[in-house]
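Welcome, and please open your viewer before reading on. We will go from stop to stop, selecting a few residues each time.

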Amino acid sequence: MREDYGTQLEDGSLRFVRDLPRPIERVWDYLVDPEKRALWFCGGSMGGRPGDGFTMAFNHDHLSHEPLPDRYASMQGGIDLAARLIAIDPPHLLIFKGVNEEEETRIELSEEKGRVRLLLIQAPPADFAQLTDMAAGWHAHLGILVDQLAGEKPRGFWTDHEEAADYYRAALSPAS
């Protein structure tokens with residue numbers, strides 16, 4: 001692991017911070033351009049205005065050189081999930097809801113000390129059992145984003161995911 005782990009907020013949400021190379025517009029493109037987003041997270045479509053629906057097309061077969069672990073066999077070949085854009089303020093703010101209305105993802109970009117600071121807040125899933133997987137997933141996806149922006153060969157998604165999952169299993173707890 002090359003980055004710090006995410007932290008859990010009092011309401012159970014996950015918080016990730018990454019310092020990325022400038023310019024901020026380039027980082028923004030990796031959030032909203034479906035082809036660039038597919039290099040680290042998911043492809044699919046992208047809405048341009050609050051309320052727009054879009055598709056998050058996950059295909060870990062193309063994201064990582066590592067094979068999917070057996071427990072993720074249902075994701076083989078990719079899966080599409082519906083999402084809805086909540087807010088967008090280029091190049092600083094992107095908020096969307098994914099699988100269900102409770103799972104809001106907020107990504108903020110700011111320029112600090114010659115770098116781009118990415119702050120990601122992920123609302124917790126209704127089922128706490130999914131939180132560890134969600135945390136490990138964001139950790140591994142953000143790691144690949146760091147690699148892409150640095151011009152480095154992307155790390156192994158599943159190796160990063162599994163190492164992070166071990167950490168998050170011990171570190172996370174149900175929201176109080």
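Two strands pair if DSSP finds at least two bridges between them. Helices (H or I, at least four residues) and strands (E, at least two) are DSSP runs, numbered from the N terminus. This is a predicted model, in which local features need pLDDT of at least 70 and side-chain atom pairs count only at pLDDT 80 or more, while totals for chains, interfaces and linings use all residues. Residues are numbered from 1 along each chain as its sequence is written, and side-chain values use heavy atoms, with hydrogens and water left out.

**Stop 1: the sheet**

Start by showing the strands. Eight of them form an open sheet with antiparallel pairing, in the order E1-E2-E8-E7-E6-E5-E4-E3. Strand E1 (7–8) and strand E3 (43–44) are at the edges with a single partner strand each, so one side of each has no neighbour in the sheet.

Now select residues 14–20, which make up strand E2; two bridges join E2 to E1, and the two run antiparallel. Look for Thr7, whose bridge partner in E2 is Arg15.

Next, select residues 24–32. This is helix H1, which packs on the sheet and touches E2, strand E5 (79–89), strand E6 (93–97), strand E7 (104–112) and strand E8 (115–122). Contact here means heavy atoms within 4.5 Å. The direction of H1 makes about 165 degrees with that of E7; axes are lines fitted to C-alpha atoms, for helices over the stretch in contact, and angles run from 0 to 180 degrees between N-to-C directions.

**Stop 2: strand E6**

Select E6 and show its side chains. Are its residues buried or exposed? Five of its five residues are buried, where buried means under 20% relative accessible area, exposed over 50%, and partly exposed in between (1.4 Å probe, protein chains only). In a regular strand the side chains alternate between the two faces of the sheet. Here, Leu93, Ile95 and Lys97 lie on one side, Leu94 and Phe96 on the other, and both faces are covered.

Keep Ile95 selected and add its partners. Ile95 is the bridge partner of Ala87, and Ile95 also stands opposite Arg106 in E7. E5 and E6 run antiparallel with five bridges between them, and a hairpin of three residues joins the two. E6 and E7 likewise pair in the antiparallel sense, over five bridges.

**Stop 3: the turns between elements**

Go to Pro90 and Pro91, which are joined by a cis peptide bond with omega of about -10 degrees. Pro91 sits in the loop between E5 and E6. Another cis peptide bond joins Arg22 and Pro23, with omega of about 5 degrees; Pro23 is in the loop between E2 and H1.

Then select Lys113, in the loop between E7 and E8. Its phi is positive, near 50 degrees, although Lys113 is not a glycine. Lys113 counts as exposed, at 85% relative accessibility.

**Stop 4: helix H4 and the core**

Select residues 131–150. The 20 residues of helix H4 should span 28 Å at 1.5 Å a residue, and the end C-alpha atoms are indeed 28 Å apart; the expected span is 1.5 Å times one less than the number of residues. Of these 20 residues, 18 are buried. Just after H4 comes Gly151, with a positive phi near 75 degrees.

The largest nonpolar core has 45 residues, and those with the most contacts inside it are Leu31, Trp40, Leu118 and Trp138. Such a core is a set of buried Ala, Val, Leu, Ile, Met, Phe, Trp, Tyr and Cys residues joined through side-chain atoms within 4.5 Å. H4 supplies the largest share of this core, 11 residues. Centre the view on Trp40: among the residues it touches are Leu31, Leu63, Trp138 and Leu145.

**Stop 5: helix H5 and its rings**

Finish with residues 157–171, helix H5. Its buried residues include Phe157, Trp158, His161 and Tyr168, and the buried residues of H5 pack against E2, helix H3 (60–63) and H4.

Zoom in on Tyr167 and Tyr168, an edge-to-face aromatic pair at 5.1 Å centre to centre, with 80 degrees between the planes. Rings of Phe, Tyr and Trp (its six-membered ring) pair if their centres lie within 6.5 Å; planes under 30 degrees apart count as stacked, over 60 as edge-to-face and the rest as tilted. Tyr167 is partly exposed at 34% relative accessible area, whereas Tyr168 is buried at 0%. Add Tyr5 and Phe16 to see the cluster that ring pairs form with Tyr167 and Tyr168.

Methods:
Lists of a residue's contacts leave out its neighbours within four places in sequence.
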